[in-house]
Amino acid sequence: MILDPSSLPEGERRPASLDELRRHGPNLCEAAIRVQAEQVQDELAAERDKWSKGFTRRRLVQGAGFVGVAALGSQLVTSRVAFAAPEDNKGTLVVIFLRGGVDGLSLVAPADDANYRQMRPNIAVPMASTLPAGRGFGLHPAMEPLFKFWQAGQMAAVHAVASPDASRSHFQAQDALERGAASVAVRTGWLDRVLAQMGPGTTFRAVAQGSALPRSLVGGEQAIVLNGIRDFRIDNDAMRTQTMEALKTLYTGLDHSLATTANGTIQAINTAQKIANTQYRPAEGVQYPGGGLADRLRDIAQLIKAGVGLRVAALDVGGWDMHTNLGRVDGGDMRNSLGNLSQAIGAFATDLGPALDQTSIVTMSEFGRRVQENGNVGVDHGHGNAMLLLGGGLNGGKVHGKWPGLSQGALDQGDVAGANDYRDVLAEMLKKRFNVADSAAIFPNHQFQTLGVFKG
């Protein structure tokens with residue numbers, strides 16, 4: 001945000017130039033905050049008598065011409081804040097969106113199916129190489145870091161999952177999935193509606209790990225965009241105290257529409273700074289691999305363990321649009337990407353320890369891939385896919401859902417048929433794990449079916 005001194009309110013403290021403004025802080029944004037705070041202090045002192053005679057705080061703010069604290073808020077945190085006691089928050093939902101359309105037939109391979117081997121002569125996962133999952137399925141060997149959870153009943157999968165939107169456009173399919181509806185009349189994201197059903201919580205009740213708010217969290221509920229907890233701060237720690245005090249001065253005691261956002265921003269920064277300044281030590285024996293996903297999951301683990309009331313965390317992992325070089329089990333893009341994903345999630349789940357029982361991790365992707373491999377040893381956009389689930393309360397160690405098979409008569413225009421609706425998986429999880437019983441409020445115009453993925 002570039003600030004022009006002419007945009008500041010008139011008054012004796014108004015800097016005459018950008019150079020003069022810079023003298024008030026480490027950067028233009030913070031300098032403007034401090035200048036405005038001084039202005040507000042002067043105005044408050046002059047108006048004390050009027051306050052005592054019945055002037056409302058709202059009237060004092062009207063026409064005050066505050067500098068762009070709303071813009072500052074968007075720089076520091078994308079958030080609208082609600083407050084509640086952390087103890088009111090039970091459990092955390094972690095949604096990992098695999099962007100690009102992951103190949104579910106590689107993740108959870110129907111390796112016993114002759115049709116599968118015939119249509120994928122170069123990239124089929126051999127049954128002998130898989131991690132046994134039952135019902136003729138096997139997990140890709142690159143998922144070995146997660147297999148202990150599968151064996152312990154803390155991990156499951158649902159196959160042939162699809163959205164009612166059958167688009168093969170990445171943008172359109174992602175948009176429909178994240179809105180939780182095929183109809184464009186539904187404008188908020190499904191996770192935003194989940195938060196509304198969960199009720200109020202702490203400043204950190206919803207976190208999107210990345211550089212932007214995902215479509216699933218768009219709406220009226222609060223969500224913090226956190227691109228690394230150690231980067232969630234006001235720059236220049238040496239001058240941070242002055243800037244924070246200036247922010248407090250601007251809105252202390254004021255009944256103003258921006259006061260909640262500003263105060264929430266301050267609270268979020270203070271909380272994040274305390275967490276970031278505490279050297280985090282994962283559970284004994286846990287080593288997170290390098291890379292963005294692992295770092296972000298480590299931050300989520302730290303927030304969960306810190307007890308800040310985290311209810312929903314959303315993360316993105318790209319790179320799943322494998323039209324070429326999907327590869328065999330001994331090499332290629334799928335093995336590499338799936339190995340990185342599994343190592344990161346495995347470290348996260350192990351790090352959580354007992355807290356994993358109160359956590360539900362789910363992977364989603366906009367669509368699956370075609371059954372037939374293409375001429376570039378890859379697979380093109382398809383329909384039915386696989387979802388992975390990990391955490392407490394699962395009927396784990398199983399592949400759930402109807403399986404239509406891969407015979408020519410069972411395919412949907414060459415794709416895995418969408419025999420199971422992803423909304424049924426999510427609705428069952430929300431009801432049984434988070435006491436969000438009004439599924440129709442989350443996924444409107446859908447007739448729900450229970451798949452038995454979760455206990456209870």
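## Close-up views of a predicted model

**Overview. A look at the whole protein chain.** Of the 456 residues in the protein chain, 54% are buried. Please keep in mind that this is a predicted model. The secondary structure of the chain comprises 15 helices and 12 strands. Among contacts in the protein chain with a separation of 6 or more, 74% join residues 24 or more positions apart. The chain exposes about 19,200 Å², and 47% of that area is supplied by carbon and sulfur atoms.

**View 1. Helix H12 packs against helix H13.** Here we meet H12 (residues 292–306) and H13 (residues 333–352), whose axes lie 9 Å apart at an angle of about 15°. Angles under 35 degrees count as roughly parallel, so H12 is described as roughly parallel to H13. The crossing of these two helices is right-handed. On the H12 side, the contact is made by Leu293, Ala294, Leu297, Ile300, Ala301, Ile304 and Lys305. H13 contributes Leu341, Ala344, Ile345, Phe348, Asp351 and Leu352. By class, the residues of this contact comprise 11 nonpolar, no polar and 2 charged.

**View 2. Helix H7 meets helix H13.** The axes of H7 (residues 144–151) and H13 come within 7 Å and cross at roughly 45°. That angle makes H7 oblique to H13. From H7, the residues to look for are Pro145, Leu146, Lys148 and Phe149. Their partners on H13 are Ser342, Gln343, Ile345, Gly346, Ala349 and Thr350. The residues of this contact divide into 5 nonpolar, 4 polar and 1 charged. You may recognise Ile345 of H13, which takes part in the contact with H7 and also in the contact with H12.

**View 3. Helix H9 is mostly covered.** H9 spans residues 190–198, and 7 of its 9 residues are buried. The buried residues are Trp190, Leu191, Asp192, Arg193, Val194, Leu195 and Met198. Just after H9 comes glycine 199, which has a positive phi near 90°.

**View 4. Glycine 180 sits in a loop and is buried.** This glycine lies in the loop between helix H8 (170–179) and H9. Its relative accessible area is 0%, so glycine 180 counts as buried. Setting aside neighbours within four places in sequence, glycine 180 is in contact with Trp190, Arg193, Tyr422, Arg423 and Phe443. Two of these partners, Trp190 and Arg193, are among the buried residues of H9. Glycine 180 and isoleucine 442 are 262 residues apart in sequence, yet 7.4 Å apart in space, C-alpha to C-alpha. Isoleucine 442 belongs to helix H15 (439–442).

**View 5. Glutamine 413 has a positive phi.** Although it is not a glycine, glutamine 413 has a positive phi of about 50°. You will find glutamine 413 in the loop between strand E11 (399–400) and strand E12 (420–421). Is this residue buried or exposed? With a relative accessible area of 64%, glutamine 413 is exposed.

**View 6. Asparagine 445 also has a positive phi.** Asparagine 445 is not a glycine either, and its phi is positive, at about 60°. This asparagine is found in the segment after helix H15 (439–442). Its relative accessibility is 78%, so asparagine 445 counts as exposed.

Note on methods. Residues numbered from 1 in each chain as written. Predicted model: local features only at pLDDT ≥ 70, side-chain atom pairs only at ≥ 80, totals over all residues. Heavy atoms only, no water. Axes fitted to C-alpha atoms, helices over the stretch in contact; angles between N-to-C directions. Helix = DSSP H or I, 4+ residues; strand = E, 2+ residues; numbered from the N terminus. Parallel < 35°, antiparallel > 145°, perpendicular 65-115°, else oblique. Left-handed = near helix turned anticlockwise from the far one by under 90°. Contact = heavy atoms within 4.5 Å. Nonpolar A, V, L, I, M, F, W, Y, C, P; charged D, E, K, R; others polar. Buried < 20%, exposed > 50% of the residue type's maximum accessible area, 1.4 Å probe, protein only. Areas by Shrake-Rupley, 256 points an atom, 1.4 Å probe, with all protein chains shown as cover.
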